[in-house]
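Q: I would like a close look at one part of this model, followed by an account of what surrounds it. Please keep to plain terms and go step by step.

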Amino acid sequence: MVRLFLGLAGASGAIAVAAGALASHGLASRLSPEAIAVFQTGVRYQMYHAIALLAVALLLATAKFKALPLIAAGAAFVVGAILFSGSLYLISGLGVTSVGILTPIGGVILIGGWCCLIGAAFSQ
């Protein structure tokens, strides 16, 4: 899981940087300021959770914490970021509003990932 989470953290961070550049340079003239702000929210949250996933991978590598809550946190960060940021990209970039329900679901999953980290801190 360490290698998987590390690779996904790197991929997610790279995608977030590319998406941010796309928003700033490629979409700025095509989208409204409100749509750009929504897109950038997706970029920010994707990057935050790429870094969090990197931390989970490093914590798993230390073997100082129980693996299960860390694996749950990492999985939640991956799934939550895909749903949250992905839906914001689709809504703002392509106007696909039918995926709007995925944004809060992804947000709840991301919160669950942070709660799993709390659990990992207190597991022995």
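Is Ala63 buried or exposed?

A: Ala63 is exposed, because its relative accessible area is 64% and the cut-off for exposed is over 50%. This is a predicted model, and every value below is computed from it. Ala63 sits in the loop between H2 and H3. Its backbone deserves a remark as well. Most residues other than glycine have a negative phi. Ala63 is not a glycine, yet its phi is positive, near 60°.

To place this loop, start with the whole chain. The chain has four helices and zero strands, so read from the N terminus its elements run α-α-α-α. Helix H1 covers residues 2-26, helix H2 covers 33-62 and helix H3 covers 67-94, while helix H4 takes in residues 102-121. Along the principal axes, the C-alpha atoms fill a box of roughly 50 × 25 × 15 Å. Of the 124 residues, 37% are buried. The exposed surface of the chain comes to about 6700 Å², and carbon and sulfur atoms supply 75% of that area.

Another loop residue can be set beside Ala63. Ser29 belongs to the loop between H1 and H2, and with 69% relative accessibility Ser29 counts as exposed. From Ser29 to Val99 there are 70 residues in sequence and 24 Å in space, C-alpha to C-alpha.

Next come the helices on either side of the Ala63 loop, H2 and H3. Contacts that link separate parts of the chain matter for this picture: among contacts with a separation of 6 or more, 69% join residues 24 or more positions apart. Aromatic rings give some examples. The structure holds four aromatic pairs. In one of them, the ring centres of Tyr45 and Phe84 are 4.9 Å apart and the planes stand at 45°, so this pair is tilted. Tyr45 is in helix H2 and Phe84 is in helix H3, so the pair links parts of the chain that are 39 residues apart. The two partners do not have equal cover: Tyr45 is partly exposed at 33% relative accessibility, whereas Phe84 is buried, with a relative accessible area of 12%. Tyr45 and Phe84 also belong to one aromatic cluster, together with Tyr48.

A second pair starts from H3 again but reaches to H4. The rings of Phe77 and Trp114 have centres 5.0 Å apart and planes at 55°, so this pair is tilted too. Phe77 lies in helix H3 and Trp114 in helix H4, and the pair therefore ties together parts that are 37 residues apart in sequence. Phe77 is buried, at a relative accessible area of 2%. Trp114 is partly exposed, at 41%.

Serines in the helices show further contacts. Ser85 is part of helix H3, and with 1% relative accessibility Ser85 counts as buried. Leaving aside residues up to four places away in sequence, Ser85 touches Gly42, Tyr45, Gln46 and Gly80. Tyr45 is thus a contact of Ser85 and also the ring partner of Phe84. In helix H1 there is Ser12, which is buried because its relative accessible area is 14% and the cut-off for buried is under 20%. With the same four-place rule, Ser12 touches Gln46 and Ala50. Gln46 is therefore named among the contacts of both Ser12 and Ser85.

Ser12 and Gln46 come up once more at the largest pocket. That pocket holds about 220 Å³ of space. Its lining has 15 residues, and Ser12, Gln46, Val78, Ala81 and Ile82 lie nearest its centre. Helices H1, H2 and H3 each supply at least two residues of the lining, and H3 gives the most, with seven. Sorted by class, the lining has 10 nonpolar and five polar residues, and no charged ones.

To return to the starting point, Ala63 is an exposed residue in the loop between H2 and H3. The helices on either side of that loop, H2 and H3, both help to line the largest pocket, and they are also linked by the tilted ring pair of Tyr45 and Phe84.

Methods:
Residues are numbered from 1 along each chain as its sequence is written. This is a predicted model: local features need pLDDT of at least 70, side-chain atom pairs count only at pLDDT 80 or more; totals for chains, interfaces and linings use all residues. Side-chain values use heavy atoms; hydrogens and water are left out. On a 1 Å grid over the protein atoms alone, a cavity is a set of points where a 1.4 Å probe fits but cannot get out, and a pocket is an open set with protein on both sides within 12 Å along at least five of seven lines; lining residues have an atom within 4 Å of a point. Grid points are joined across faces, edges and corners, and a volume is the space filled by probe spheres set on the points. Ala, Val, Leu, Ile, Met, Phe, Trp, Tyr, Cys and Pro count as nonpolar, Asp, Glu, Lys and Arg as charged, and the others, Gly among them, as polar. Rings of Phe, Tyr and Trp (its six-membered ring) pair if their centres lie within 6.5 Å; planes under 30 degrees apart count as stacked, over 60 as edge-to-face and the rest as tilted. Buried means under 20% relative accessible area, exposed over 50%, partly exposed in between (1.4 Å probe, protein chains only). Contact means heavy atoms within 4.5 Å. Accessible areas come from the Shrake-Rupley method with a 1.4 Å probe; for residues, only the protein chains shown count as cover.
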